[in-house]
Each structure stands twice: as C-alpha cells, then as structure tokens.
Amino acid sequence: MNILDKLFEKQTRQLAQRSSRRGILKGLGSLLVGGAVVPLLPVARASGAEPVGRPVEEGDPLSCDYWRYCAVDGFLCSCCGGTANSCPPGTEMSPVTWIGTCHNPADGRNYVISYNDCCGKSSCGTCLCQRDEGDRPMYRADKTNDINWCLGTASAAYHCSTAIVVGVAFEDQ
Amino acid sequence: MWMSPIKKYCAKNPAAVSAAGAALVALLAVGQVANAAQDSRPPPLPIEPTDVVESLPRDYPPNWFLVHDVGFFHMSDGKVYILDSAAETSSRAIKGMFNVSYMGNLAQSARRGEIYATEAFHPRGTRGDRIDVLTIWDTATLTPKGEVMLRPGKRLFGMPERYAVVTLDNDRFLAIANFSPATSATIIDLDTREIVAEIPTPGCSLVYPTGKLGFSSLCADGRFMSTELNTDGTLLKQTRTDSFFSSDDNPIYERPAVIDGIAYFPSIAGLVYPVDVRGKVAEVGEAWSLVSEQEREQNWAPGGIVLIDRDDQGRFYVIMHADAKDGSYQGGGSEVWVFDAVKKQRVMRIALREWGLSLGLSRGKNPVLMVVNPMTMSLEMYNTESGEFISSIDDFGQETPLMMTGSK
C-alpha cells in the first residue's frame with residue numbers, strides 16, 4: 001500500500017461502496033480543449049477501415065482506479081453530482097485545462113484525456129483522487145495538475161475535475 | 001397565546017412586582033456585607049480591560065515558522081499560522097494567525113517587518129467579479145498595513161511555492177509569478193507599493209532571484225530564462241540559457257533549495273542540479289546523484305509537495321521514498337535525507353515516524369526540521385543534529401498545512 005492509499009484509507013473505508021479514492025491534496029486539471037485547439041492535441045483521427053461493434057470501456061467512474069483518471073489530481077466530479085465528462089449542476093466548466101494519456105484496458109488503446117475543472121463552487125470535498133501518471137511540474141503547463149485551472153471562468157473557485165476523452169492517442173511507431 | 005399564572009399575575013400587578021424586586025436586592029446586599037466581614041479568601045481579581053490585543057515582536061525569533069494552511073477543502077479560508085517550534089505544547093506554539101484567501105503565496109521581509117501574500121476574493125464568496133491583491137501584513141500586529149491591487153486572474157493560483165512571490169534587491173522590489181496560463185512576472189516597488197512592470201516570461205514559470213536585481217524562470221524546454229531589471233524595476237534584458245534537461249524524459253522539480261547563491265534543483269529521478277544564481281544569468285552546473293547505485297536499484301527518489309529546504313549551515317533536506325514509479329513524485333516519502341551541498345555528500349538519513357509530505361527548516365544555529373504528516377496533517381519536528389523526533393504540533397485547527405517556512 002502506498003501513501004496515496006494510506007492517506008485516505010479511513011475515508012475510503014467509509015465510502016467504500018462508492019469510492020476508492022486515494023491521494024494527497026492538490027488539484028486540478030488542465031490544457032486547451034476549446035474546439036479550435038483540439039486539432040493541436042496528439043490525437044489520431046479515424047482513418048481506413050472502421051472497427052466493428054460498439055466502443056467499449058469498463059470500470060467504475062466513482063473509483064479513483066477508473067482508467068480515465070490516470071493523471072488526475074482533484075475531486076472526481078462523478079462523486080459531486082456530475083459525471084466523468086460533465087460538471088455538477090450550477091458549476092462552469094473551465095475552457096482551459098491540461099491533458100493526460102490513459103490506457104483503456106477494454107479496447108487496448110491509449111486516449112488523450114482532458115481534465116477540465118468545474119468551477120464556481122467551493123471544493124466538492126469528496127472522492128479526492130491523485131494519480132499523477134505523466135504529470136509534470138508547472139513549467140510544463142500542458143501536463144501540470146498543480147494549478148487551479150479555473151481560468152477563463154467567471155469564478156476562480158475550484159469544485160471538481162472531469163476526465164473527458166478528446167481523442168485516441170498516437171500509437172508508438 | 002398561553003401565559004403561565006405567574007406571568008398573568010405580574011402583568012396585572014406591576015407595582016407589586018417592583019416592590020418585591022427591591023426587597024430582594026436589599027436582602028442580597030446585606031448578605032454580601034456579612035460575607036465580606038467573614039471572608040478569608042484572597043482579594044478578588046482586579047477588574048480587567050476588555051480591549052487588549054496582543055502583538056508580536058517585529059523581528060521573529062529563529063525558531064518560529066510561518067505555516068501556510070492552504071485550505072484545500074475551503075480555499076477561500078486559507079490561513080498562515082505563526083508557530084513557535086520551541087513551545088512545550090501545541091496550544092502554546094500558536095503565536096498568531098492571518099488569512100490568505102484562495103491559495104496565495106508568501107514572502108517575508110525582515111528589514112521591512114512585513115509579510116506579503118497574494119490573495120484573490122469574490123465579493124459574494126464564490127461569486128462576483130474576482131479581485132486580486134497583494135496584501136502587506138505587519139509582522140508585529142498581524143494586521144494588513146497596505147495592499148496593492150493586481151490585475152485579476154493573473155497571479156499564480158496553485159499548490160504553494162517558495163519562488164512564486166520573492167523580494168529582490170534587498171527587499172526593494174517584489175516579484176510575483178503569474179500564470180493565466182500565460183506566464184509573466186509582476187514587479188512591485190515596495191517603497192511606493194506600486195506596480196512598476198509586468199514582464200512576460202513566455203514558456204517559463206516562477207521567479208528565482210538572480211543577481212543583484214533580477215530573476216530567472218524555469219522553462220518547458222528545459223532551460224532557464226534570466227531577466228535583468230533596471231534600477232527602477234523595469235525590464236532591462238532577458239537571456240535564455242542552454243537546455244539542460246528534458247521535461248518529458250528527465251524532468252526536474254521546480255523547487256530548489258538555495259544556499260549561498262546556488263540553487264539546488266532535485267530531479268524526479270534523484271539527481272540534483274546546482275544552478276549559480278549569483279550572476280545576472282543563471283548558470284547550470286554539473287548534476288550529481290542523491291542516491292547510490294544500490295539505492296537507485298531500490299528506486300529511491302525524491303517525493304513530496306514542498307519536498308526540499310535548507311538550513312543556515314549549508315545543508316539541504318529532501319523527502320525521499322523507495323519504490324518510486326510514474327505518478328509517485330509528489331506523494332511524499334518515509335525518510336528525509338540531509339546533504340552537505342558543497343561536499344556533495346549525504347550526512348544523515350532521518351527515518352520519519354510517519355509518512356512526510358512537505359518539510360521546512362527553521363533558521364539559525366540549531367534548526368528544527370518540521371515535516372507534515374499527511375495522515376493527521378500534524379507537524380512533526382526533528383532534531384537536525386541527531387535526527388531524533390522531538391514532538392509534534394497538532395490539533396491546532398489545521399486542515400492542509402502544506403508550506404512551512406522558517407521565519408526571518
């Protein structure tokens with residue numbers, strides 16, 4: 001068991017039916033996800049033969065172990081009245097954010113995940129989750145979760161973080 | 001409305017009630033005189049004034065800390081405690097407190113007797129147009145003695161940093177790191193308390209004092225940008241150094257310990273880069289390893305939020321953890337390793353009682369190491385000569401005390 005598990009072991013037990021949150025504190029998600037800038041992200045566009053069947057993913061969005069949360073650091077919006085890709089009622093989604101690259105075990109692909117923060121209310125306070133995989137200090141703005149990314153929103157108050165699939169990551173050649 | 005029989009009687013016979021009250025007062029007075037004549041107790045306490053408010057010494061003792069509880073769960077209610085690490089109990093350790101709203105950063109000027117804090121406010125709590133200010137606190141009274149209005153939404157708002165708000169040129173100027181997410185630095189003249197410049201630092205973050213009047217910023221492409229200022233605080237010149245690390249492959253922490261003008265930046269993998277910031281432009285020296293080959297095999301590496309600090313004896317202290325992996329670099333560690341910066345040698349391993357997340361050192365000859373225990377958020381203190389645990393400060397109303405700084 002690492003420190004991330006230890007820290008919130010007590011709370012995790014209390015919320016075991018809903019969450020396996022881990023983590024220290026800190027926060028917040030990050031890089032430009034407005035429509036105009038999405039093409040800048042390292043996203044592979046669909047081409048060639050289309051796969052058959054339905055897209056698949058698995059896991060519990062209320063759990064810190066959920067695959068999309070690989071680089072998250074903050075309160076999970078799924079536990080705050082929102083979902084993994086939507087904000088709770090009455091909040092505002094930050095248009096500026098940061099990204100991580102997470103592996104979806106259900107289909108074997110890596111996806112670019114945008115961790116847009118939901119803003120305008122005080123800290124949600126539940127399901128604190130810190131995974132930090134691929135995270136970098138704040139000099140790498142596109143990869144840092146140490147910043148309050150409630151930038152460009154009416155309120156600077158950080159509430160929770162989403163984890164939105166914005167594309168399939170380029171595969172290593 | 002229902003009224004009790006007594007209330008009804010009183011309401012109907014106010015004269016009788018008044019007479020009964022006077023008789024009761026007279027009886028009590030007689031009783032008090034009789035008691036005084038027979039009272040063998042000490043004299044009663046003197047009457048005390050009700051308007052006394054304590055103050056602190058202008059210059060804080062070297063064993064005091066500024067402990068910033070950033071209020072991660074209630075960010076508009078951050079607090080900075082002034083704590084005496086030599087106090088016998090937690091209750092006696094608290095010397096005072098002031099608020100810092102929305103995760104600001106701090107700097108202290110002993111010469112001016114001031115503490116500076118960046119803050120943000122919404123007039124209706126979490127709503128209303130955002131206001132950003134630099135609040136200037138008086139170290140003796142812990143009251144705000146001034147403020148400088150900042151451009152809203154620009155100052156760095158994130159986990160606490162030692163090099164986000166710094167004084168320059170013997171505390172003549174103050175530099176504030178901005179992140180909107182465009183990066184820049186705001187320069188304030190502390191004599192006039194006015195903004196004299198806002199200097200873009202594109203692609204580069206934070207403000208590490210450099211030379212007599214300048215600062216360096218750490219860039220995403222693995223180099224520094226050094227900014228020289230004119231004597232009035234405006235921009236003179238900016239210089240980018242050569243790239244010395246890859247932020248993808250071998251990133252460094254943005255948190256150095258600065259000893260005698262050399263900033264020691266640990267890397268996530270366990271190297272340390274000495275950077276000479278005494279001249280006008282940062283000069284990166286040769287990196288050396290914090291871990292032995294055997295320790296590297298066990299994946300010992302730095303870890304934590306405010307994971308490094310230094311004492312006044314030329315040593316720096318780093319939180320370390322074994323079994324490091326991707327994602328663990330800010331998670332803290334089980335030990336603090338102490339290094340002689342000049343000799344490039346580890347001089348002590350301190351096994352922490354509990355996991356450590358952030359640390360800080362007091363100033364002076366006998367520094368105290370203070371470590372945040374993330375399980376209880378208590379502050380655990382260690383003797384820096386023996387490495388032995390001294391005591392902990394806890395239950396002082398803290399929530400997330402992530403930044404400890406030895407007072408100046």
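Visitor: In this predicted model, are B:Glu161 and B:Arg255 buried or exposed?

Guide: Both B:Glu161 and B:Arg255 are buried, and that word requires a relative accessible area under 20%.

Visitor: What makes the pair of B:Glu161 and B:Arg255 a salt bridge?

Guide: The closest N and O atoms of B:Glu161 and B:Arg255 are 3.3 Å apart, and the rule asks for a side-chain nitrogen of Lys or Arg within 4 Å of a carboxyl oxygen of Asp or Glu, so the pair qualifies. B:Glu161 lies in the loop between strand 7 (144–150) and strand 8 of chain B, whereas B:Arg255 lies in the loop between strand 15 (235–240) and strand 16 (257–259), so the salt bridge ties together parts that are 94 residues apart in sequence.

Visitor: How do you know whether B:Asp132 and B:Arg130, which also meet in a salt bridge, count as buried or exposed?

Guide: The N to O distance between the side chains of B:Asp132 and B:Arg130 is 2.7 Å. B:Asp132 has 0% relative accessibility and therefore counts as buried, and B:Arg130, at 15%, counts as buried as well.

Visitor: What are A:Arg131 and A:Glu133 called on that scale, buried or exposed or in between?

Guide: A:Arg131 and A:Glu133 form a salt bridge with 3.3 Å between the closest N and O atoms. A:Arg131, at 11% relative accessibility, counts as buried, while A:Glu133, with a relative accessible area of 30%, is partly exposed, because that term covers values between the 20% and 50% limits.

Visitor: How many salt bridges does the structure hold over all chains, and how many of them does the rule find across the interface of chain B and chain A?

Guide: The structure holds 32 over all chains, and the rule finds 2 across the interface of chain B and chain A. B:Asp248 forms a salt bridge with A:Lys143, the closest N and O atoms being 3.6 Å apart, a value that passes because the limit is 4 Å. B:Asp248 and A:Lys143 also belong, with A:Arg140 and A:Asp142, to a network of salt bridges.

Visitor: How do you know how much area chain B and chain A bury between them?

Guide: The size of an interface is often given as the accessible area lost when the parts come together. Chain B and chain A bury about 3,500 Å² between them, with 64% of it on carbon and sulfur atoms. On the side of chain B, the residues that lose the most area to chain A are B:Phe72, B:Phe73 and B:Phe179, together 17% of what that side buries. In terms of contacts, 46 residues of chain B meet 43 residues of chain A.

Visitor: How many residue pairs are in polar contact across the interface of chain B and chain A?

Guide: The rule finds 15 such residue pairs, with both residues at pLDDT 80 or more. The elements that give two or more residues to the side of chain B that touches chain A are strand 12 (204–209) and strand 13 (214–219) of chain B. The residues of that side divide into 26 nonpolar, 14 polar and 6 charged.

Visitor: What makes strand 9 of chain B mostly covered?

Guide: In strand 9 (residues 173–179) of chain B, 7 of its 7 residues are buried. Both faces are covered, with B:Phe173, B:Ala175, B:Ala177 and B:Phe179 on one side and B:Leu174, B:Ile176 and B:Asn178 on the other.

Visitor: How do you know that strand 9 of chain B pairs with strand 8 and strand 10 of chain B?

Guide: Two strands pair if there are at least two bridges between them. Strand 8 (residues 165–168) of chain B is joined to strand 9 by 4 bridges, and strand 9 is joined to strand 10 (residues 183–189) by 7 bridges, so both cases satisfy the rule, and in both the strands run antiparallel. B:Val165 has B:Ile176 as its bridge partner in strand 9 of chain B, and B:Phe179 has B:Thr183 as its bridge partner in strand 10 of chain B.

Visitor: What kind of peptide bond joins B:Ser180 and B:Pro181?

Guide: Most residues other than glycine have a negative phi, and most peptide bonds are trans. The bond between B:Ser180 and B:Pro181 is cis, with omega about 10 degrees, and B:Pro181 is found in the loop between strand 9 and strand 10 of chain B.

Visitor: Where is B:Asp395 found, and is B:Asp395 buried or exposed?

Guide: B:Asp395 has a positive phi of about 55 degrees although it is not a glycine, and B:Asp395 lies in the loop between strand 29 (389–393) and strand 30 (401–406) of chain B. The relative accessible area of B:Asp395 is 73%, so B:Asp395 is exposed, that term being kept for values over 50%.

Conventions:
Residues are numbered from 1 along each chain as its sequence is written. Chains are lettered from A and ligands numbered from 1 in the order in which they are written. This is a predicted model: local features need pLDDT of at least 70, side-chain atom pairs count only at pLDDT 80 or more; totals for chains, interfaces and linings use all residues. Side-chain values use heavy atoms; hydrogens and water are left out. Buried means under 20% relative accessible area, exposed over 50%, partly exposed in between (1.4 Å probe, protein chains only). Contact means heavy atoms within 4.5 Å. Buried area is the accessible area (1.4 Å probe) that two parts lose on being put together, summed over both. A polar contact is a pair of N or O atoms within 3.5 Å; within protein, one must be able to donate a hydrogen and the other to accept it, and residues adjacent in sequence count only if both atoms are side-chain atoms. Ala, Val, Leu, Ile, Met, Phe, Trp, Tyr, Cys and Pro count as nonpolar, Asp, Glu, Lys and Arg as charged, and the others, Gly among them, as polar.
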